[in-house]
Amino acid sequence: MPRHGAQAIIRLTLRSLLVAAHLLLGLLISLLIDVLAALGPPRGRIVQWWHRQLCRCLRVKIHVHGTRPKSAVMLVSNHVSWLDIPVLGALVTTRFVSKSEVAAWPVIGRLARASGTEFHRRGGGANGTRRLITRLTGHLDNGQTITVFPEGTTTLGATTRRFQPRLFAAAVESGRSVVPVLLRYGPDPETATITPYVGDDMFVPHLLRMLQRPRIVVDVWFLDSLSSEGSDRTTLARQAQHAIDTQLAKSPPELLPEREPALPRHRLPI
């Protein structure tokens with residue numbers, strides 16, 4: 001075996017063990033988070049620290065553009081990968097909205113529940129959505145930021161899909177602003193191409209491919225906030241998507257030409 005091939009295998013093994021150890025630490029924290037929050041920093045800060053350390057394990061370098069919100073808002077972001085969650089979670093103390101199936105996933109589901117993630121059941125109907133909006137409105141009223149991926153699915157990151165307006169009702173009902181967020185991965189075309197979690201991608205193989213990259217750079221734009229006062233959910237959804245699309249047109253990701261825009265299947269039912 002060539003020397004550089006052996007070194008690559010050793011490097012991948014060590015990085016995989018580091019990430020596995022951090023996931024296990026997260027599992028332990030999830031079991032003790034109520035005690036830890038009572039004795040030390042609040043739950044949100046504990047979760048934010050864990051996200052930051054995960055990004056370090058994955059060698060993710062985050063470049064922030066714009067101003068991170070200092071008060072409770074609804075963050076709405078384009079959705080490219082499962083990595084979007086630890087990236088945003090490392091930058092902002094926030095609750096996420098995820099599909100209900102995630103709650104049953106080994107380790108990840110427990111971590112999501114412990115972090116305060118709100119789950120939405122696919123096909124739950126209007127009543128289920130109404131209950132979720134009520135919970136999200138309550139979090140905003142209590143001064144907590146929430147993060148929504150209104151496309152409802154992941155994409156290659158070069159364009160956005162239509163933003164579903166339903167959950168924007170929480171911003172309207174609470175009177176909180178909406179902050180559009182754009183995520184763009186790189187720095188090179190190969191990294192930008194493998195980072196999207198779309199089509200038939202499976203988590204473990206996808207994670208291993210990402211661990212082979214020397215580093216992953218993600219640019220995060222916090223765009224101008226949108227007032228919900230006197231607005232409605234459909235208008236806010238359109239304004240947020242327009243803001244993200246406008247910035248995306250200025251700073252599109254560089255993708256390898258052979259990457260086909262596979263039909264996204266990793267849908268979030270929002």
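Which element gives the most to the lining of the largest cavity? It's strand β6, with three residues. Before we look around, a word on what you're seeing: this is a predicted model, where local features need pLDDT of at least 70, side-chain atom pairs count only at pLDDT 80 or more, and totals for chains, interfaces and linings use all residues. Residues are numbered from 1 along each chain as its sequence is written, and side-chain values use heavy atoms, with hydrogens and water left out. Names like β6 come from DSSP runs, numbered from the N terminus: helices are H or I runs of at least four residues, strands are E runs of at least two.

Back to that cavity. On a 1 Å grid over the protein atoms alone, a cavity is a set of points where a 1.4 Å probe fits but cannot get out, while a pocket is an open set with protein on both sides within 12 Å along at least five of seven lines; lining residues have an atom within 4 Å of a point. Grid points are joined across faces, edges and corners, and a volume is the space filled by probe spheres set on the points. The structure holds one cavity of 30 Å³ or more, and about 40 Å³ of space lies in it. Among the residues lining this cavity are Val-80, Leu-183, Arg-184, Tyr-185 and Pro-253. By class, the lining has seven nonpolar, two polar and one charged residues (Ala, Val, Leu, Ile, Met, Phe, Trp, Tyr, Cys and Pro count as nonpolar, Asp, Glu, Lys and Arg as charged, and the others, Gly among them, as polar).

Now for the pockets. The largest has a volume of about 790 Å³ and is lined by 40 residues, with Trp-82, Ile-85, Pro-86, Ile-108 and Ala-112 nearest its centre. Helix α2 gives the most to this lining, with seven residues. By class, the lining of the largest pocket counts 25 nonpolar, 14 polar and one charged residues. The second largest pocket holds about 200 Å³ of space. It has 13 lining residues, and Thr-93, Thr-94, Arg-95, Gln-144 and Thr-145 are the closest to its centre. Here the split is two nonpolar, eight polar and three charged. Helix α2 turns up again, since α2 and β3 each supply at least two residues of this second lining.

So let's look at α2 itself. This helix covers residues 43–57, which makes 15 residues, and reaches 21 Å from its first C-alpha to its last, close to the 21 Å expected at 1.5 Å a residue (the expected span is 1.5 Å times one less than the number of residues). Its buried residues include Ile-46, Val-47, Trp-50, Leu-54 and Cys-57; buried means under 20% relative accessible area, exposed over 50%, and partly exposed in between, with a 1.4 Å probe and protein chains only. After α2 comes Arg-59, whose phi is positive, near 60°.

Helix α2 matters to the count of the nonpolar core too. A nonpolar core is a set of buried Ala, Val, Leu, Ile, Met, Phe, Trp, Tyr and Cys residues joined through side-chain atoms within 4.5 Å. The largest one has 38 residues, and Leu-58, Leu-83, Val-87 and Val-220 have the most contacts inside it. Elements giving two or more residues to this core include α1, α3, β6 and β7, but α2 gives the most, with six. In soluble globular proteins, nonpolar side chains tend to be buried together. Helix α3 is worth a glance as well: seven of its eight residues are buried, so it is largely enclosed by the rest of the structure.

Finally, the aromatic rings. Rings of Phe, Tyr and Trp (its six-membered ring) pair if their centres lie within 6.5 Å; planes under 30 degrees apart count as stacked, over 60 as edge-to-face and the rest as tilted. That rule gives two aromatic pairs. Trp-82 and Phe-203 are edge-to-face, 5.0 Å centre to centre with 65° between the planes. Trp-82 lies in the loop between β2 and α3 and Phe-203 in helix α8, so the pair ties together parts that are 121 residues apart in sequence. Trp-82 is buried, at 17% relative accessible area, whereas Phe-203 is partly exposed at 30%. The other pair, Phe-96 and Phe-149, is stacked: 6.4 Å centre to centre, 10° between the planes. Phe-96 sits in strand β3 and Phe-149 in the loop between β5 and α6, 53 residues apart, and both are buried.
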